[in-house]
Every structure is written in C-alpha cells, then in structure tokens.
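Hi,

Here is the structure I promised to send over. Have a look at it first, then read my notes underneath.

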There are 2 protein chains.
Amino acid sequence: MPAPQDPTHLPIREQMEKLIRRKQQEITKGLETLDTVKFRADSWTRGNDGGGGTSMVIQNGTTFEKGGVNVSVVYGQLSPEAISAMRHEHKNLQIPVDPATDLPVADGVKFFACGLSMVIHPSNPHAPTTHLNYRYFETWNPDGTPQAWWFGGGADLTPSYLYEEDAKLFHACHKQALDKHDATLYPRFKKWCDEYFFIKHRNETRGVGGIFFDDLDDRDPQEILAIVEDCFDAFLPSYLPIVAKRKDMPFTEEEKQWQLLRRGRYVEFNLVLDRGTQFGLRTPGSRTESILMSLPVTACWLYDHHPEPGSREDKLLQVLQNPIEWA
Amino acid sequence: MPAPQDPTHLPIREQMEKLIRRKQQEITKGLETLDTVKFRADSWTRGNDGGGGTSMVIQNGTTFEKGGVNVSVVYGQLSPEAISAMRHEHKNLQIPVDPATDLPVADGVKFFACGLSMVIHPSNPHAPTTHLNYRYFETWNPDGTPQAWWFGGGADLTPSYLYEEDAKLFHACHKQALDKHDATLYPRFKKWCDEYFFIKHRNETRGVGGIFFDDLDDRDPQEILAIVEDCFDAFLPSYLPIVAKRKDMPFTEEEKQWQLLRRGRYVEFNLVLDRGTQFGLRTPGSRTESILMSLPVTACWLYDHHPEPGSREDKLLQVLQNPIEWA
C-alpha cells in the first residue's frame, strides 16, 4: 500500500507520535498510583542520526522493582545491507534499484519509525511482569515517493505464579479492544503472541501471552491507528487491578527465588530471541541503555532446576508448555 | 590439510578425548581443594544423535557460587544448511558437491567434535570468574575421505575488581605454555581473545582476556595437541593461586552489587554474542542445560549505571575499554 495521504487528518506519523507521547504520560501516571516512588524522565538524541526519545524509568519502588516506558521517534537512511537484514521479517520492504544499471541504489531508502515500548517488573513474586510495545514504520524511495508502511506491537503478561483470573482479565480487555474493530483480530494476534514469545531452547512460552502483530498494513492506516489506540486504552484496566491485588501478598524466600529463575528465562528470551533487541544491539548509534531497559534488576540461573511435579511452580510450566485460550 | 593419519599414535580424536576426560578430573579435583563442597557429575547422551557428555557441576559452595566443567564428544551428519551456517566462521569447511549434477550432496558431511568447556564463578567479588574451552573438530565427505579438521579454544579471566598481579599471573602462565612451542602464538592468541570477548554494544571487553584461537590447522595435529595439552596444564597454576588469595577477602554490600552488575555483562556477552552459545541454542537436539551452565547464579541490571570516576569500579572499566599487555 502507498504511504498514507489524508488531507483531512494530520499525517499518520504525527498522530502516532502524539498518541505515544500522551500514552507515555497516562501509563506512567497510572502505574505511579500503585507505588511510593515516581518515574523519572531521561531524554536522549541519536547524535549524528535523526531523532531521539524519552525514557521514563522507575527503579527500586515499593511495588515496582524496575520499569521503563520508552518513547522513540527516529528517522534517517536505511542502507541496502540494513534493508536486506530487515527483509527477513518485513517482506514488503524493497531495495530500490537504479533502472539504468539494475543495481541497488547506494543511498538506500529513507525511513521514519516511532513507538512506545514498556517493560514493568514488580517486586512481589505474585505480581506479574508485563510488556507492551506499539510502533509505526514508514519508508520512502530516494526520489521521495512512498514505499512501505506498517504498524506492529502488542502487550503480554509474564507471571511467576499463575492466577487464572489475572490471565483471563488481561486477555479479555485486549480481546474487547480488538473485537470493536474486527472479531478475527484477537484470535490471530493471540496465536501470534504465543508463537513469537516462545523460548525454543526451553520449549516454553515466556508467559501467558496476550496479543502481538507485525507488518499490519491490510486496511486504512487511520483505522489501524484507531485499533492501536484502543489497544493502548485496554492496557491500564488489564494490568492495574492485577498489581493492586498482588503487590502486598505475603511471599516466602522460595517464591522469590522462583521469580528470579523465571526472570532468568525473561533475560534469555530478550537477549537470545527478541528480534528488536538483537537488531537494536547490532545497529550502530542505537542506545543500549534504552534497549536493555527491559531486563530485570535481578535474575538467577540454577543448573538443571526442575520444580516438584504438581507444585504451583510446575503448574505454571505446564501452561507455558501448553498455551491456553483465556478469552 | 587432510585428516590426521599417524600409524605410531592413536588417532588425534581419541587422544584429544582422553586428554579432555583426564583434564576434567584434574581440574575439578584442583578446584575442590579450595572449597568445602564437591563437583557432581551428570552424564547425558544426545538421544537420536550420536555421542554425549559429562557435566561436572559445583553449586552454592563456600568458594564457588557456581561452576561447570563439561566434556562432550559428539558426532553425526552436518546438513548442507548447517555447513552454510558454520562456514561464516570456518572457511575451510566445504559443502560436498555431486560431480555429476554439480549440486550439493543432500546427506552433507560426517563430523566428529569433542571438547572441554568450563566456567567458574566464585562467590567473593574479589575473586575473578574464569572460562576455559579446548575443542577438536573433524569432518569427512560422504565417501569417507577426510575433509577438514581444526583445534580451537582458550582461557580467559573476568574480574569484578582489578588486581594487576592476578592478570599478570594468568597471562604469564599461558604465555609460557605457548612460548615453549612458538613465540608468535601468545601475542596472536592474546589479541584474538581481546577481539573475540568484546561486548560491542557496551564498548568494553568481557574481562582482562587471556588466550583464544580457532580453526588452528597450520601445523602437524600432533604438535597442536601438544600445545593444547600445555595450555591445559597452564590453567590450574594460573588460577588457583588467585582464588586462594581472594576467596576470603572481606567485602562490602556495594562490592557484591558491583559483582552482580558485572555478571549482567557476562550474561549479555554469552547470550547475545558468544558464537558457541548461539549456535548451540539453535541446534536441535543440543542440551540447553550444558550450554547455559556458563551463566552465573545471579546477575543484575540497573538503568544507566556508571561508577564514580576514579573509583576502583571505574578503574576496571578503563582497562576493559583499553586492553593492556599483561605479559
């Protein structure tokens, strides 16, 4: 599809940028109502490259051990090599070719990308970790003609102890947001989430899932933006009640230890498998601290650890090995 | 070079296998002299694929928080896809072609690989982590003719606090082992180590280095085996005296915290950059627990943490950003 041109609206990228900045404020304010410490903002620019962002970070709170809500708005040139690397995941990206020589154009394509990404790790082992990310991407050919655009993102929940009612609430809120637009979206995005957040070398999903999508350009961009906004709106009602209920639950040292082991798995997924993390860390000029904001304060690894069959820890593993339909 | 054929000696692979099994015993016994707990052995086989190994693991010791000394001896078929993936690193691997059709032979090449790999994480933040790995690899064409062989490996030291005398001892022992054979080896392998264990996204090396080499087949395999044996012999004298001196040093909570942050970097290197880990985790049938034995019991991440300029923590970073000639 061509890049969106809509004379009656601001260009999609400007609307998306406004949306993510507004949501960064709303979400951090919402989370702060459950903690005694506040997020602090940290703005950065890309140096020689275009754009920058604002990381909002909470650390060592009573409720939240670590959390980051990061907005970034970046633009510049994609080299033919970068396009090649990205084409594995985004088939609609093209390497522009000089019609005279049939060779790739050396200065590649111009791109614009903006998104909000968030990871929240509560302290209490009964309160789940959550991740959310919504992003918009656009490219143009060197002659200024639009080439490709898409939206991507989702939100998912990673408990250390399974509370079925929590998983159901999280999924139900996101299903409701998507069903408003198209009843086929939730089942598709739920499955996509289970498949994407699968830790192959452990044969288990990272958590109890949620929704995930990428390369979404199958309808009017204004309509997709409305879907993304509704998904954003679904987040706080899907997560705050869970944390409110779990944050002060008593827990044992063994339960804390199990949470740290699960965080080890979180680190494994993010560092070994997450495409965004891998791509970011390999991209010159990207900001390592913002990319690795997703990692927990502490994580733990024990050799060949297996929970006792039938224990609560084992029950979580069963669900991670056999994803459930929660909504 | 052709696969080694030496009628007066056991084939190289059998000698290497004996060497690594003997060294697994020697090294674990040596390390146990500094702790109150013992290593425990855990043998495994590759299921449908050929071979297996023995992991020797120490955990929650007084001196060693976690350590593993793993021997593996595996063999089987490399698919043309696996060879393609490996050829990025090992240029002398060839994809056999059917001379009649000029197409890759579907059943690929047979391979044999054996090695010892070890990571030791002491508890005391003043006692450095160490890693050692020596391995031998051999391939044959489907018709049974030898194709390629090589040795690889090395040993390196990762302190949280820099003690120059420790880095000097570790390097001097390994230099001495290599100098016996060829005075050009140590400078080459030392540089290779600094380059390999470089955490690009942090712009720092993992530790104070040591030696590293790969694809070594530039001389008689019997001679390389003798080099590897001397490097193995250099290990305990290069490391035990350091741990003996550091293991009971008093330390503060802040020093422990710094050690956990450094272990976070260790996890980042191993999961994001280490070729062996990445290759292993992506290989069907490989044993995740043995591959991830290298991870510490605990690691820590704080957002945008920087030690105070001039502090001991900062002095370590200076050296990691500007590797030093220690021997």
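Below are my notes on the two chains, the contact between them, the salt bridges and the cavities.

A word on conventions: this is a predicted model, so local features need pLDDT of at least 70 and side-chain atom pairs count only at pLDDT 80 or more, while totals for chains, interfaces and linings use all residues. Residues are numbered from 1 along each chain as its sequence is written, chains are lettered from A and ligands numbered from 1 in the order in which they are written, and side-chain values use heavy atoms, with hydrogens and water left out.

How the chains are related

A turn of 180° with a shift of 0.0 Å along the axis lays chain B on chain A, with an RMSD of 0.0 Å (superposed by least squares on the C-alpha atoms of residues with pLDDT of at least 70 in both). That is the relation of a two-fold axis. Both copies use the same surface: 100% of the contact residues of chain B recur in chain A, contact meaning heavy atoms within 4.5 Å.

The interface

In numbers, 30 residues of chain B touch 31 residues of chain A. Together the two chains bury about 2,900 Å², 56% of it on carbon and sulfur atoms (buried area is the accessible area, with a 1.4 Å probe, that two parts lose on being put together, summed over both). Look at B:Glu289, B:Trp301 and B:Tyr303, which supply 29% of the area that chain B buries against chain A, more than any other three residues.

Salt bridges

The rule here is a side-chain nitrogen of Lys or Arg within 4 Å of a carboxyl oxygen of Asp or Glu. It finds four salt bridges across the interface of chain B and chain A, and 56 in the structure over all chains. B:Arg287 pairs with A:Asp304, their closest N and O atoms being 3.7 Å apart. Within chain A, A:Glu325 and A:Lys190 form another, at 3.8 Å between the closest N and O atoms. That pair links distant parts of the chain, 135 residues apart: A:Glu325 is in the segment after helix H9 (312-321), and A:Lys190 is in helix H4 (residues 185-196). Helices are DSSP runs (H or I, at least four residues), numbered from the N terminus.

Cavities

There are eight cavities of 30 Å³ or more. On a 1 Å grid over the protein atoms alone, a cavity is a set of points where a 1.4 Å probe fits but cannot get out, and lining residues have an atom within 4 Å of a point. The largest holds about 120 Å³ of space. It is lined by 14 residues, and those closest to its centre are A:Thr129, A:Thr158, A:Ser160, A:Arg262 and A:Arg263. Helix H6 (residues 253-273) of chain A gives the largest share of that lining, five residues.

The second largest cavity holds about 80 Å³. Its lining includes B:Thr129, B:Thr158, B:Ser160, B:Arg262 and B:Arg263, and H6(B) gives the largest share, four residues.

Cheers

Methods. On a 1 Å grid over the protein atoms alone, a cavity is a set of points where a 1.4 Å probe fits but cannot get out, and a pocket is an open set with protein on both sides within 12 Å along at least five of seven lines; lining residues have an atom within 4 Å of a point. Grid points are joined across faces, edges and corners, and a volume is the space filled by probe spheres set on the points. Helices (H or I, at least four residues) and strands (E, at least two) are DSSP runs, numbered from the N terminus.
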